[in-house]
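Welcome! Here is a short guided look at one protein chain, so take a moment to turn the picture around before reading on.

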Amino acid sequence: MNKTLKYVLTVLTAGIVLMLGAPAAFAHSGPIKLEVTGDGADNVNVLVTYKKDGHPVTEILNATLAATSSDGRSFGPVPLRSAPEGQNLYHAAEPLPNGDWKVTVTATEPSKAHATVTVKAGEIAASPVAATGPASVQERSAAQNTADEGAMGMPLKIGIIALVALLAVAAWIGLVRRNRASVRR
């Protein structure tokens, strides 16, 4: 192979490797946002996303919940535990006692954040309004997971485009070499 062809192939290969490695290098980081809501019963839902792009936080969250009731009782701090409903949804490790509570969630990992809301804890009501509370958090989590699945297809699309471009360049180089060979004869 001549030097020019080796150089072109080396540059193209390096470009493809860099393009395919770029999404992995663009790992999420930075400040997080805590969305705290009552679950309609005796617990609290905490949805954790990145402030910058709204994507779910998939790293391990280190956070606690503390609450003060309207009549002066205190609760916590208790750790948050990952909920089975979503990868970035958390619940308090212990249920809140009945009453109105001013809840403060404080996170220290993957970055520092806090949020304070007022929630009502009590028995689950059999009304459709109470049933839609937790579902809305689940639906938001599912919508974000679906958006992330679409984003995960981006490296594949870039890889296919780069492969097609590489094949086109290789075909062009092959044609140029063939034409040079036929001209020399």
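In this protein, residues 24 or more positions apart account for 57% of the contacts with a separation of 6 or more. Keep in mind that what you see is a predicted model. Let's walk through it topic by topic.

**The overall plan**

- The protein has two helices and seven strands.
- Reading from the N terminus, you meet these elements in the order α-β-β-β-β-β-β-β-α.
- Of its 185 residues, 27% count as buried.
- The accessible surface comes to about 11700 Å², and 63% of that area belongs to carbon and sulfur atoms.

**The sheet**

- The seven strands form an open sheet with antiparallel pairing, and their order across the sheet is 1-2-5-4-3-6-7.
- Strand 1 and strand 7 are the edge strands, each pairing on one side only.
- From one strand to the next, the twist averages 30 degrees.
- For a close look at one pairing, find strand 2 and strand 5, which run antiparallel and are joined by three bridges.
- V46 stands opposite Y90 in strand 5.

**The nonpolar core**

- In soluble globular proteins, nonpolar side chains tend to be buried together.
- Here, the largest nonpolar core has 26 residues, and L34 and V103 touch the most other members.
- Seven strands each give two or more residues to this core: strand 1 (32-38), strand 2 (44-50), strand 3 (62-69), strand 4 (74-82), strand 5 (89-92), strand 6 (99-109) and strand 7 (113-121).
- Which residues does V103 contact, leaving aside its neighbours within four places in sequence? They are V36, V44, L65, A66, A67, L96, A115, T116, V117 and V119.

**A cis peptide bond**

- The peptide bond from E109 to P110 is cis, and its omega is near 5 degrees.
- To find P110, look in the loop between strand 6 and strand 7.

**The annotated segment**

- An unreviewed UniProt entry places the feature "transmembrane region" at residues 158-176.
- Is the chain helix or strand over residues 158-176? In the model, this stretch is 100% helix and 0% strand.
- The C-alpha atoms at the two ends of residues 158-176 are 27 Å apart.

Conventions
Residues numbered from 1 in each chain as written. Predicted model: local features only at pLDDT ≥ 70, side-chain atom pairs only at ≥ 80, totals over all residues. Heavy atoms only, no water. Core = buried A, V, L, I, M, F, W, Y, C linked by side-chain atoms within 4.5 Å. Buried < 20%, exposed > 50% of the residue type's maximum accessible area, 1.4 Å probe, protein only. Helix = DSSP H or I, 4+ residues; strand = E, 2+ residues; numbered from the N terminus. Contact = heavy atoms within 4.5 Å. UniProt positions renumbered as here; feature names shortened; annotations may be inferred. Areas by Shrake-Rupley, 256 points an atom, 1.4 Å probe, with all protein chains shown as cover. Pairing = 2+ DSSP bridges. Axes fitted to C-alpha atoms, helices over the stretch in contact; angles between N-to-C directions.
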